[in-house]
Each structure stands twice: as C-alpha cells, then as structure tokens.
Amino acid sequence: MTNLTETGFGYTDGDVDQNIHNTGPTLNELADQRYSRRQTLQRGGAAIVAATMGGSVLAACDSKTEELTAPTISAGSAATTASGRTVTLTGTGSAEAYSWTQVAGPTVTLSSTNALTTSFLAPSVATATKLTFQLAAANSTGTAGISTVEVTVNPTALGFTAVAKNKNDVVTVPTGYTVQIGARLGDPITGSAAAYKNDGTDTGFANRIGDHGDALFWFGLSTTGARDETSSTRGLIVQNHENINQQYLHTAGATSPGGVRPEAEALKEIECHGVSVVEYSEGASRAWTFSSTSTFNRRITPNTPMVFNGPVKGSDLIKTPYSPTGVAGRGTINNCANGYTPWGTLLTCEENWAGYFRRSGDNAARTAKELTALSRYGVTSSTGSYGWSTVVAADTANTTFRRWDARATGASALADYRNEPNQFGWVVEIDPYAPTSTPRKRTALGRLGHEGCWPGKFVAGTKPAWYMGDDSRREYLYKFVSNTAWVATDATATDRLAIGDKYLDAGTLYVAKFAADGTGSWVALVFGQNGITAASAVYPFADQADVLVNARLAADVVGATPMDRPEWTAVNPVTGEVYLTLTNNNATLRPLNGTDAANPRHYNDPYGTAGTAQYGNPNGHVIRIKETSTESLTFTWDIFAFGAGADLDATNINLSGLTADNDFSSPDGCWFGRATNASGLVKPIMWLQTDDGAYTDVTNCMMLAAQPGTVGDGGARTITNTGTGGATATQATRIGAAPGANLKRFLVGPVECEITGVDSTPDGRTLFVGIQHPGENGTPAAPSSHWPDSQATGTAGATIRPRSAIVIITKNDGGVVGL
C-alpha cells in the first residue's frame with residue numbers, strides 16, 4: 001500500500017508541493033487558487049471534495065491568512081479478500097469533507113463516496129486482482145490530502161465455518177448469517193382467504209400456500225411490475241407443492257367413515273398440491289416480506305385447467321370424459337423439482353403421480369399393452385394414496401374425485417377415467433408473469449416420474465437441451481434436445497408461452513447409457529429407431545405418441561443404464577457439465593453382484609444404536625457428465641461425490657474422503673449459483689440438499705455448498721463391495737477428485753424435514769430455501785416438530801403443528817451467500 005499525504009493546495013503528476021507560507025492573498029487570489037485546486041483534485045479523483053469545499057465561504061478578504069495545513073488522512077491498510085465478499089474501507093482523518101474514488105481494477109460500486117468508511121462487493125475474478133482506492137480530504141482553509149489503499153481480490157472460495165450435524169428443531173446456518181421465515185403452509189395469498197389458524201379447521205387452499213413446498217425459482221419484477229431479470233429486491237417466487245402431511249390438515253387427522261372420504265377433507269388435500277406464485281420484496285434493514293394481495297399471486301392446483309402441446313396432443317391415449325379430444329387437462333400433481341427457460345417461464349415437473357390413482361380388478365377389461373404400461377408406471381393401487389376416488393360428491397356432475405378412479409368400468413375410454421393416469425407425468429410450462437394464462441403440458445419431453453427439467457447452457461445457433469431424472473430406483477437419465485436452434489432475442493419476447501411452443505413442442509428425447517470406461521451415449525427414443533417398433537417384445541409401440549406416453553418402456557428397449565434413484569439435475573453455468581443426484585438404492589434393486597461403474601457401491605451403513613442393517617447404496621452419490629455441446633450424442637462422466645458418514649470405510653465406502661464438516665447422505669436437491677453474481681462465475685457454488693432416512697440417526701437433513709472441479713479431475717478406482725454374510729465383489733468405477741474444503745455443510749434443517757428447493761436473487765445476496773414436511777411422523781395431538789414456530793427459540797407450544805415453509809437467508813455483512 002502507498003499512503004501519500006500532501007500539504008498545500010494539491011499535487012500534479014505525482015509531484016508533492018511543499019508547504020507555502022502565504023503572505024496575504026486577496027479574496028480574488030484565493031478564489032483563483034481554489035479554482036486551480038478544484039481542477040487538480042478532480043484530476044486526482046476527489047471531485048466531490050473539491051465541489052464541497054468550493055461552496056464554502058472564505059473568511060479572508062484582502063488580508064493575510066494563517067498558515068495553511070493539510071488535513072491528516074489515511075485510506076487504511078492493504079487487504080486481501082475473495083470474490084463475492086463485502087469489503088469495508090475504513091479511512092481516518094481530520095478533514096471536513098472526504099471523497100472515495102476507485103482508481104484501478106475492475107469497477108465496483110461503493111456504498112458511500114463522501115464518508116470516511118465505505119464498502120463494496122468484491123467482483124468476480126479468475127486470478128488474484130488488485131483494486132486501488134483513493135481517499136481524498138479537504139477543509140475550509142483550502143488544503144487537501146490524498147491517500148490510497150490496495151485490495152487484492154482472489155477467486156471465489158467458500159467463506160463460512162461448516163455447520164455441525166444436529167437434530168435441533170430449527171434451521172441452523174453459519175455464524176454471520178440471518179434466517180427469516182417466508183410463506184408457510186396455509187398463508188393466504190389472495191384477499192379471499194382468512195388468516196391461517198393451523199388447527200385443522202382451515203379451508204380454501206386454492207387461495208393459500210400449499211403443503212410440502214419443494215423446488216422454487218425467483219422471477220424478478222421492476223418497480224412498475226414488469227419482468228426484470230436483474231431485480232434483486234422485488235420478484236415472484238414460484239414454488240412446487242409436492243405432497244401433504246395429511247394428519248395436520250384435519251382437526252384430528254384424516255377420516256374415512258365406511259371407507260368413504262368426506263368431500264371437504266379430500267378437496268382440502270387436493271388443493272394443497274400444485275404450484276404457488278407469490279410476490280416477495282425486500283424492505284428496510286434487509287427485511288423480506290411477501291404480499292398476500294399481489295395481482296401476480298396465483299395457486300395452480302390439480303383442478304386448474306391446462307392444455308396439452310406437442311406430439312401427444314389429441315392422442316387417443318389421453319382422451320377422457322373431461323377431454324374427449326385429448327387436448328385439455330386438469331391440473332398438475334406431485335410437483336417436485338423444476339426447470340426454467342431464458343424467456344421467463346417455469347417448468348414444473350410431475351413426479352410420483354401414479355400412486356394417487358385407484359386401479360385394480362379390471363384386468364379383463366384391459367388389453368395386454370395397457371397392463372404392461374400400467375404396471376411399468378406403478379398404476380396398481382387398489383385405493384389410491386388418499387382415497388380421493390371414494391368421495392361421493394354432493395353434486396353428481398362433479399368429477400373432481402371420480403377422475404382418480406382409473407379402473408376400466410365403462411364401454412370405452414370416454415365412459416370412464418381409465419386414461420386419466422396418462423394425463424400426468426409431464427413437464428408443465430407456466431408463465432408466472434401472466435396470472436390468467438393457461439399452463440401447457442409439454443409432451444415432447446416424455447412422460448416419466450419427472451424429478452426436474454434443467455436446461456443446459458444456451459448458445460446462439462445451437463439447439464438447447466433440458467436434462468431430466470426419473471425419480472425411482474433403477475430408472476434413467478433423459479435429455480430433450482429441441483429441433484430449433486437458440487435465438488438470443490427470444491429471451492425478451494413478451495408472448496412467452498408461444499416461445500415455449502417454438503422450442504419445447506418438437507425435438508428428440510434421449511436416454512443415457514453409461515459405459516465402464518468413463519464414456520457414455522445418448523440413445524434416441526424415436527418410433528422406428530433402436531428397436532422401438534410395433535414388433536418390440538417389451539412393448540409394441542404404435543407411434544411416437546405411444547413412445548412418449550410410455551417413455552420408460554422405450555428406454556427399457558434401448559438398454560439404458562438403470563441408476564440409483566435419479567433425482568435433480570443441475571448444470572454448471574461455467575463448464576456446462578451436468579450433475580445428477582442419485583439419492584439411494586437398496587439391496588434388492590442394487591445387489592452385491594448387480595453394481596456397475598456408474599452405480600458402483602453395495603455396502604452396509606448400520607442405523608441407530610441397534611445397528612440395523614442397511615445394505616445396498618443407502619447414502620447415494622452425485623454423478624456428472626461432460627458434453628461437447630447440448631447437441632452431443634456422447635459424453636464422458638465420473639462421480640463427483642459419494643454420500644457416506646465420515647466413520648465409514650474410506651477405502652471402499654467413503655470414497656470421497658468426507659469428514660465431520662461435509663459428510664452427508666441421500667443427495668436430492670442440486671442447484672448452481674446464478675451467473676449474475678460471483679457464486680455462479682469462474683468456480684460456481686453448487687448447493688446440495690438431502691432427503692434422507694439412512695443418516696437421520698445422526699442428523700437432520702441438510703444443505704451443503706460445494707465448488708466442484710471438472711469431469712476427469714480424479715481417476716479410475718476399483719473397490720471391494722461387501723454384502724450380507726461377508727460376501728464380497730469388486731467393481732471398477734470413475735471417481736472425481738476428493739472435494740475436501742471445497743464441500744461444506746451450510747445448513748441443517750428442523751426435525752424430520754427434507755431440505756428441497758433453492759434459488760437466489762440475481763445479486764446472490766439473498767438465498768431462498770424450501771423446508772418440507774417438518775415433523776412428518778407426528779400426530780395432531782403430539783406433533784414431532786413445531787417448526788417454524790420453534791425457529792426463534794428452538795422450542796414452541798407442545799401442540800403447535802409444523803408447517804412447510806420457505807426460509808430466506810442473508811449474510812449479515814451484505815455479501816454473497818456462501819462466499
């Protein structure tokens with residue numbers, strides 16, 4: 001650092017004037033000297049000081065003045081920081097006016113320019129970079145001083161102390177962070193809903209926040225309410241509502257007198273599913289609130305009208321009494337992870353929808369093809385998850401409940417709801433900025449247990465792709481590549497769903513095959529190709545609509561690689577590499593001799609003090625792939641991280657060398673920081689969330705922050721797996737570099753929750769995280785969690801029921817979260 005203190009009226013080109021004993025200038029002479037000093041200070045970066053002091057009134061008039069002494073001034077000591085962190089410059093001095101200016105390095109925004117103390121957010125840099133700042137000072141005697149300070153900014157690094165594992169009934173975050181509670185289950189989001197009592201008597205959930213908040217996404221709003229991708233203080237949060245804690249929605253739990261569900265109870269449960277759109281804003285002192293009356297607010301439920309787009313539109317396979325032409329649909333359900341588009345829409349994904357349907361005893365009325373398809377997708381329940389089909393509606397014309405009965409009981413598909421399951425399992429596009437718009441089911445992306453639908457990098461002139469996990473054990477990883485190359489100007493189009501038609505209604509659906517040597521391929525699921533024909537012994541396909549409705553069967557035909565429960569996908573915004581969380585598997589579906597290179601482990605992780613055996617891959621792993629472009633048909637892969645307790649065998653189980661600071665189990669949610677701030681640039685942060693049962697004897701579910709390397713930064717490894725009775729088998733695999741300090745636990749959730757859903761404001765200074773189903777194993781009389789009421793103190797009233805909610809996390813010094 002160079003500290004330079006000047007005396008006299010200024011300096012020019014680095015030369016320092018000596019003290020001048022003025023022998024009595026006149027007022028005009030002083031004015032001329034002051035004007036000259038102002039020009040000099042402006043050249044030195046202190047125009048504000050010059051302007052301030054230039055407005056002072058001189059006390060002298062044609063008389064001698066006292067000796068002019070330069071003010072004491074120091075810009076402080078040199079400092080070193082990292083991208084995304086808040087830097088405070090603290091000057092010292094004895095002047096009457098000050099001015100900070102930046103004179104070198106990447107441009108930053110100073111919080112104040114005319115006080116001794118100022119601050120800024122360290123910019124994103126790829127290598128150590130020096131920034132130079134100048135503090136200028138002046139007083140009414142016409143003297144000035146200047147001092148400079150250097151700040152060295154290093155590339156991003158995780159900047160918090162790891163949170164310890166715990167089983168507390170709070171959301172725990174690192175020291176230096178603040179947690180606020182956002183929208184909770186039942187909170188009104190329209191003027192027609194009453195305050196939530198949380199005692200089981202509440203109704204009207206089509207106007208309230210739903211249950212089991214899952215994936216979420218921030219859509220910025222300008223001060224005028226227009227779409228603004230850069231806004232970090234006002235915006236819409238669109239959140240999925242995957243499922244329900246049924247027991248807490250009713251006064252004393254759900255009932256079914258005589259095996260029939262009451263209509264009011266079932267309606268409440270149905271409306272708690274779906275999607276919410278809610279406006280949020282930041283106020284004074286970084287306090288966040290959501291509006292309960294915003295005109296943007298919206299609930300999309302399983303009863304909301306929708307339309308089908310793409311190759312399956314109009315197919316006989318989706319025709320029902322409600323939609324005899326196969327064009328319309330009702331609602332969306334079991335929405336888990338999500339995706340987005342650069343034109344400003346959300347992609348919500350229908351995951352474990354099959355279990356909601358009642359179907360049994362009608363095999364004789366079904367074709368062999370239908371039975372194969374129903375079995376493959378798990379539409380086999382004799383009652384449906386919540387028994388909604390048993391409701392006897394007061395209005396006999398009301399089919400809200402009848403639709404959940406998928407039995408073939410009529411003369412044709414237009415006489416019953418046998419095809420209703422085919423209306424679910426899709427990716428649904430929603431325009432959050434248009435609250436009266438009709439969501440569109442994009443059938444070209446296939447019908448699965450869609451966990452998410454995350455886009456790859458958008459490159460002008462290249463066809464964009466979306467990556468999708470199918471959330472069940474031994475299911476597959478998919479990719480949809482649009483037929484249309486990306487045109488950058490489409491990102492700002494105002495008819496956003498029409499742009500969705502352009503890119504999402506025609507393209508090719510692929511499924512992944514992983515090879516043992518660290519390579520892989522995408523196999524097209526196209527009628528007439530790769531054995532997907534009417535002659536297939538697995539399933540005789542009729543056309544492309546049949547392929548897309550039964551995409552799992554098409555993937556079976558081409559020999560895709562069954563994975564250990566593929567869930568969220570996320571794409572590194574810098575490298576374009578695709579990450580896939582593989583939550584876990586059991587010994588039945590991943591036996592000792594049934595491992596492969598991409599799913600290599602079979603082991604035991606004993607649970608609890610009793611040491612209950614958990615064989616298979618109970619802790620899961622995270623795999624990643626690298627492509628040349630989104631259009632590529634081949635890739636390379638390795639495994640970024642293996643879930644494991646730090647105490648498990650480091651040679652064959654804890655292959656990533658996890659410690660008490662970063663051990664985890666059952667990875668689920670996965671998301672990279674936005675490329676609009678330092679957390680998504682150069683070496684982006686990947687946020688990793690868990691949905692765990694295998695490690696809950698030790699800790700509640702958690703969220704970790706990672707800064708991954710790249711595919712191939714590790715190497716080949718052969719491990720020895722151990723099954724029951726001590727039997728062993730070896731398996732070769734591909735392991736990424738041990739994450740070490742580049743993986744830390746950032747958050748631990750409340751009792752019996754799942755951490756799921758994460759996004760930030762564009763500036764990265766506010767993080768939104770979903771806390772799902774706290775206290776899921778409790779009862780109305782004895783809830784096993786009281787969160788979020790317990791957040792402030794760790795405890796709450798013994799009968800207070802838990803609620804899913806969003807938490808809003810900010811860094812106390814105003815920096816980017818995680819850095």
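Me: Where is P788 found, in terms of the strands around it?

Reply: This is a predicted model, and in it P788 sits in the loop that runs between strand 42 (766-772) and strand 43 (805-811). Look at the bond leading into that proline: the peptide bond from W787 to P788 is cis, with omega near 10°.

Me: Next, backbone angles. Which phi does R286 have, positive or negative?

Reply: Positive, about 65°, although R286 is not a glycine. You'll find R286 in the loop between strand 14 (274-282) and strand 15 (288-290). R286 counts as buried because its relative accessibility is 18%, and the cut-off for buried is under 20%.

Me: And what is phi of V682, and where is V682 found?

Reply: Phi of V682 is near 65°, again a positive value in a residue other than glycine. V682 belongs to the loop between strand 35 (667-672) and strand 36 (686-690). With 37% relative accessibility, V682 counts as partly exposed. For a glycine with a positive phi, go to G559, just after helix 7, where the angle is about 80°.

Me: Since you mention helix 7, how many of its residues are buried?

Reply: 6 of its 8 residues, so helix 7 (residues 551-558) is mostly covered. The buried ones are A551, R552, L553, A554, A555 and V558. What covers them includes helix 4 (368-377) and helix 6 (544-549), along with strand 25 (477-482), strand 26 (507-514) and strand 27 (519-524). For another helix, try helix 3 (residues 263-271), where E265, A266, K268, E269, I270 and E271 are buried. The buried residues of helix 3 pack against strand 16 (298-300).

Me: Now salt bridges. How many does a search of the whole structure find?

Reply: The general idea is that side chains of opposite charge can pair when their charged atoms come close. A search of the whole structure finds 39 salt bridges. One of the residues we met in helix 7, R552, is part of a network of them, linked with R376, D470, E475 and D556.

Me: Are the partners D362 and R366 buried or exposed?

Reply: Both D362 and R366 are buried, and their side chains meet in a salt bridge at 3.1 Å, N to O. D416 and R418 are both buried too, and they form a salt bridge with the closest N and O atoms 2.8 Å apart. Then look at K319 and D316, whose closest N and O atoms are 2.8 Å apart in their salt bridge. Here K319 counts as partly exposed because its relative accessibility is 21%, while D316 counts as exposed at 55%.

Me: K319 leads me to G326. Which residues is G326 in contact with?

Reply: Leaving aside neighbours within four places in sequence, G326 is in contact with F308, V312, K313, G314, S315, I318 and K319. G326 is placed in the loop between strand 17 (305-309) and strand 18 (328-330). Its relative accessibility is 0%, so G326 counts as buried. Sequence separation is another thing to check: G326 and R298 are 28 residues apart in sequence and 26 Å apart in space, C-alpha to C-alpha.

Me: Last one: which residues have the most contacts inside the largest nonpolar core?

Reply: F514, W687 and F746, in a core of 67 residues. Strand 34 (residues 634-642) gives the most to this core, with 4 residues. A second, separate core of 65 residues includes A266, F308, A393 and A545. Back at W687, its contacts beyond four places in sequence include W671, M703, L704, F746 and V817.

Conventions: Residues numbered from 1 in each chain as written. Predicted model: local features only at pLDDT ≥ 70, side-chain atom pairs only at ≥ 80, totals over all residues. Heavy atoms only, no water. Core = buried A, V, L, I, M, F, W, Y, C linked by side-chain atoms within 4.5 Å. Buried < 20%, exposed > 50% of the residue type's maximum accessible area, 1.4 Å probe, protein only. Helix = DSSP H or I, 4+ residues; strand = E, 2+ residues; numbered from the N terminus. Contact = heavy atoms within 4.5 Å. Salt bridge = Lys/Arg side-chain N within 4 Å of Asp/Glu carboxyl O.
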